[in-house]
Amino acid sequence: MCLCGHSKDMTIKHMRGPATIALASALMGTLVTGAAHASPRGDDPAVAPAPEAKLAVPQNIGVRKYVDKDLVTVGERLHYRIHIHNRSRFITHAEVTDELDSIRLHARILSTGATTGHITLGRTKFVWHGILQPYRDADVTFTVRTGKVGWIYNTVRWGGKNPGRSTVKTRIVPKHTK
């Protein structure tokens, strides 16, 4: 029991007011929206529906896309790397999307990997989701085998505080020329 009469195991759900919402936001890494006062009907806030939660600070990440070759022949492998750097506070929902349309037209994905987080692979894109500590990095890698003459334009996109995109291109030529 503390001096104010509350037990020491008091949780945020028992407290009320704007300071509580700020404290909850800081502890959970989210911005809690909604009323900062008790319900006018006297409903217990512990059983009231939870307010909508959003990221407190939009993700502030830097992303750079790399490919190991800019000219290959049909049948060669290309190795891609996406370097993600957290430029700010702890990010619980970092997300980067890689567009695969051009790759699917000219190559076949052999493998994917990430140093942290996970990849969701779809038909036209893959999305990397992860948690990033302040000022830490993550690398996403994937390897493809080329199968058709042409150009591969591969673009990665990200949102957040500084949204952007990074594109690399590779020319694929027949085996007898290079």
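**Exercise 1. Arginine 81 and its partner**

What is the relative accessible area of arginine 81?

*Solution.* Start with the ground rules. This is a predicted model: local features need pLDDT of at least 70, side-chain atom pairs count only at pLDDT 80 or more, and totals for chains, interfaces and linings use all residues. Residues are numbered from 1 along each chain as its sequence is written, and side-chain values use heavy atoms, with hydrogens and water left out.

Step 1. Read the area: arginine 81 has a relative accessible area of 32%.

Step 2. Classify it. Buried means under 20% relative accessible area, exposed over 50%, and partly exposed in between (1.4 Å probe, protein chains only). Arginine 81 is therefore partly exposed.

Step 3. Find the partner. The side chain of arginine 81 meets that of aspartate 139 in a salt bridge, 3.1 Å from N to O. A salt bridge here is a side-chain nitrogen of Lys or Arg within 4 Å of a carboxyl oxygen of Asp or Glu.

Step 4. Place the pair. Arginine 81 is in strand 5 (residues 77-86) and aspartate 139 in strand 10, 58 residues apart, so the pair links distant parts of the chain. Strands are DSSP runs of E with at least two residues, helices are runs of H or I with at least four, and both are numbered from the N terminus.

**Exercise 2. Aspartate 98**

Which side chains make polar contacts with the side chain of aspartate 98?

*Solution.* Step 1. Locate the residue: aspartate 98 lies in strand 6 (residues 91-99). Its relative accessible area is 0%, so aspartate 98 is buried.

Step 2. List the polar contacts. A polar contact is a pair of N or O atoms within 3.5 Å; within protein, one must be able to donate a hydrogen and the other to accept it, and residues adjacent in sequence count only if both atoms are side-chain atoms. Lysine 65 is one partner, at 2.2 Å. Asparagine 154 is another, at 2.7 Å.

Step 3. Check for charge pairing. Side chains of opposite charge can pair when their charged atoms come close. Lysine 65 and aspartate 98 do form a salt bridge, 2.2 Å from N to O. Lysine 65 lies in strand 3 (residues 61-67) and aspartate 98 in strand 6, so the pair ties together parts that are 33 residues apart in sequence. Lysine 65 and aspartate 98 are both buried.

Step 4. Add the wider surroundings. Aspartate 98 also touches residues including Ile82, Thr124, Phe126, Phe142 and Val156. Contact means heavy atoms within 4.5 Å.

**Exercise 3. Salt bridges across the structure**

How many salt bridges does a search of the whole structure find?

*Solution.* Step 1. The search finds four.

Step 2. One of them joins lysine 69 and glutamate 76, with the closest N and O atoms 3.2 Å apart.

Step 3. Compare the burial classes. Lysine 69 is partly exposed at 29%. Glutamate 76 is buried at 19%.

**Exercise 4. Threonine 146**

Which backbone oxygen does the side chain of threonine 146 reach?

*Solution.* Step 1. Threonine 146 belongs to strand 10 (residues 137-146). Threonine 146 is buried, with a relative accessible area of 4%.

Step 2. Its side chain reaches the backbone oxygen of threonine 73 at 2.9 Å.

Step 3. Threonine 146 touches further residues, among them Val72, Glu76, His106 and Ile172.

**Exercise 5. Pairing of strand 12**

How do strand 4 and strand 11 run relative to strand 12?

*Solution.* Step 1. Two strands pair if DSSP finds at least two bridges between them.

Step 2. Strand 4 (residues 71-73) runs parallel to strand 12 (residues 164-173), with three bridges. Here valine 72 stands opposite isoleucine 172.

Step 3. Strand 11 (residues 150-158) runs antiparallel to strand 12, with nine bridges. Arginine 157 stands opposite arginine 165.

Step 4. Strands 11 and 12 form a hairpin with five residues between them. Glycine 160 in the turn has a positive phi of about 100 degrees.

**Exercise 6. The nonpolar core**

Which residues have the most contacts inside the largest nonpolar core?

*Solution.* Step 1. A nonpolar core is a set of buried Ala, Val, Leu, Ile, Met, Phe, Trp, Tyr and Cys residues joined through side-chain atoms within 4.5 Å.

Step 2. The largest has 27 residues, and Ile82, Ile84, Val96 and Ile103 have the most contacts inside it. Strands 3, 5, 6, 7 (107-114), 9 (125-132), 10, 11 and 12 each supply at least two residues of this core.

Step 3. Inspect isoleucine 82: its contacts include Val63, Val96, Ala138, Val140 and Val156. Isoleucine 82 also touches Lys65, Asp98 and Asp139.

Step 4. Set this in the whole protein, which has two helices and twelve strands. Buried residues make up 32% of its 178 residues.

Methods
Lists of a residue's contacts leave out its neighbours within four places in sequence.
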